[in-house]
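Hi everyone, and thanks for making time. I'd like to walk you through a structure that may be new to you, so let me put it on the screen.

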Amino acid sequence: MAERVDEILGAGKAPNFHGLVVMRGGETVLERYGAGPDHRLGDSLGHVEFDRDTLHDLRSVSKSVVALLYGIALGEGLVPEPRAALVAQFPEYQDLVADPERAHLTVEHALTMTLGLEWDESAPYTSPANSEIAMELAPDRYRYLLERPVVEEAGKLWHYCGGATALLGGLIARGAGRPLEEYAATALFRPLGIDVFEWSKGYHDTVSAAAGLRLRPVDLAAVGQLVLDGGRGIVPGGWLQELVRSRVVIEDGFEYGYQWYVNTKDRRWVGGLGNGGQRLLVLPEEELVVALTAGDYDQSGDSSTAVLEAVLAS
């Protein structure tokens, strides 16, 4: 494995590679770091020499971490069950709670990104034409999402929606009575031995649940190992089983659970994926965890692909 990865890196086939940690059977078997320009969400960090202690944007892998936090909070009785009515959790929006078109929406529809509401993240993440950016610019992010026009029956089709994760993060923060990042620190990160992390905030001085988390690759791998180990009493084991169970088909062989992707084509893995080449893959049958970071933000190229293929080919 190491030889294949080093060959890829040495040949310059992954120009925006930043970090890689591979664990097998609970032990770290490969660790590599690179260098290059990087960003914290939209802010340039300049040229960065990455090493074991360098935090990295997880982008949308943050969504998968939020799902773990939701399971912990659910076990503590702080958040509603997946089948609970969604809009009713925001009683301040009485007009929306009373809307019969939205009465069937559940927390599970947010967990699976099957809300059936108008949402489009195809525009660049610098443009208000992107629904996630428009949500951040709106006076009230939760109202913005919940009042989107109903365009199809909920629970049927998967549509990528960072707003769904924002709702989940909001429910956790409300239930815990403190900001999402504070709850994450005590409920998940410290029990894993993770003492240093960042969570970038949006326009409302609230962290971006969908994309703002920053961890070291070794700590991201530790999160993957936790999933592989069945939660170790930190995340309820029953929740993890629900988390990675396929709920909706994205495309043939590629499905979605509760904010986690489920790959069933050729080789089964579950994981989180983020803009720019951020990857957390867990392969249960092989006792393998792969944490990968890169800087191909908003680009068609993906430095992660070549490195990941080298890892999985070994």
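**A walk from the pocket to the sheet**

Let's begin with the largest pocket, which has 46 residues in its lining; R59, Y125, N275, G276 and D298 are the ones nearest its centre. Please keep in mind throughout that this is a predicted model. The volume of this largest pocket comes to about 1300 Å³. Which elements give two or more residues to the lining? They are strand 3, at 35–40, helix 5, at 131–137, and then strand 11, strand 12 and helix 11. Helix 11 provides the largest share, with five residues.

There is enclosed space to look at as well. Searching the whole structure turns up two cavities of 30 Å³ or more. The largest cavity has a volume of about 70 Å³. Its lining includes a run of neighbours you can follow on the screen, M113, T114, L115, G116, L117, E118 and W119. L145, L157, H159, Y160 and C161 also line this largest cavity.

Now let's move to the sheet. In what order do the eight strands of the open sheet come? Reading across, the order is 2-1-13-12-11-10-9-8, and the pairing is antiparallel. At the edges stand strand 2, residues 27–33, and strand 8, residues 248–251; each has a single partner strand, so one side of each has no neighbour in the sheet. Going from one strand to the next, the twist averages 20 degrees.

Let me zoom in on two of the pairings. Strand 1 and strand 2 run antiparallel and are joined by six bridges. One pair to look for is V21 with its bridge partner in strand 2, E31. These two strands make a hairpin with two residues between them, and in the turn G25 has a positive phi of about 60 degrees. Further along the chain, strand 12 (residues 278–283) and strand 13 (residues 288–294) are also antiparallel, and five bridges join them. Here, V282 has V289 of strand 13 as its bridge partner.

What lies across these strands? Helix 9, residues 217–228, lies across strand 1, strand 2, strand 12 and strand 13, and runs at about 150 degrees to strand 13. Helix 11, residues 303–312, lies across strand 1, strand 12 and strand 13, at about 160 degrees to strand 13. You have met helix 11 already, as the element with the largest share of the pocket lining.

On to charged side chains. How many salt bridges does a search of the whole structure find? The count is 21, and I'd like to show you a few. My first example is E286 with R267, whose side chains meet at 2.7 Å, N to O. E286 sits in the loop between strand 12 and strand 13, while R267 is in the loop between strand 10 (261–263) and strand 11 (269–274), so this pair ties together parts that are 19 residues apart in sequence. Are these two buried or exposed? E286 is partly exposed, with a relative accessible area of 27%, and R267 is partly exposed too, at 24%. There is also a network here: R40, D57, R59, E198 and R214 are joined by salt bridges that share partners. R59 may sound familiar, as one of the residues nearest the centre of the largest pocket.

Two more pairs are worth finding on the screen. E242 forms a salt bridge with R247, and their closest N and O atoms are 2.4 Å apart. E242 has a relative accessible area of 31%, which means partly exposed, and R247, at 22%, also counts as partly exposed. In the other pair, R232 bridges to D229, with the closest N and O atoms 2.7 Å apart. R232 is partly exposed at 45% relative accessibility, and so is D229 at 39%.

One last stop, away from the sheet. Where is A88? A88 belongs to the loop between helix 2 (61–75) and helix 3 (94–97). Its relative accessible area is 43%, so A88 is partly exposed. From A88, go 34 residues along the chain to S122, and the two C-alpha atoms are separated by 29 Å.

That's the tour. Thanks for listening, and I'm happy to take questions.

Conventions:
Residues numbered from 1 in each chain as written. Predicted model: local features only at pLDDT ≥ 70, side-chain atom pairs only at ≥ 80, totals over all residues. Heavy atoms only, no water. Pairing = 2+ DSSP bridges. Helix = DSSP H or I, 4+ residues; strand = E, 2+ residues; numbered from the N terminus. Axes fitted to C-alpha atoms, helices over the stretch in contact; angles between N-to-C directions. Contact = heavy atoms within 4.5 Å. Buried < 20%, exposed > 50% of the residue type's maximum accessible area, 1.4 Å probe, protein only. Salt bridge = Lys/Arg side-chain N within 4 Å of Asp/Glu carboxyl O. 1 Å grid on protein atoms, 1.4 Å probe; cavity = no way out; pocket = protein on both sides within 12 Å on 5 of 7 lines; lining within 4 Å. Points joined across faces, edges and corners; volume = space filled by probe spheres on them.
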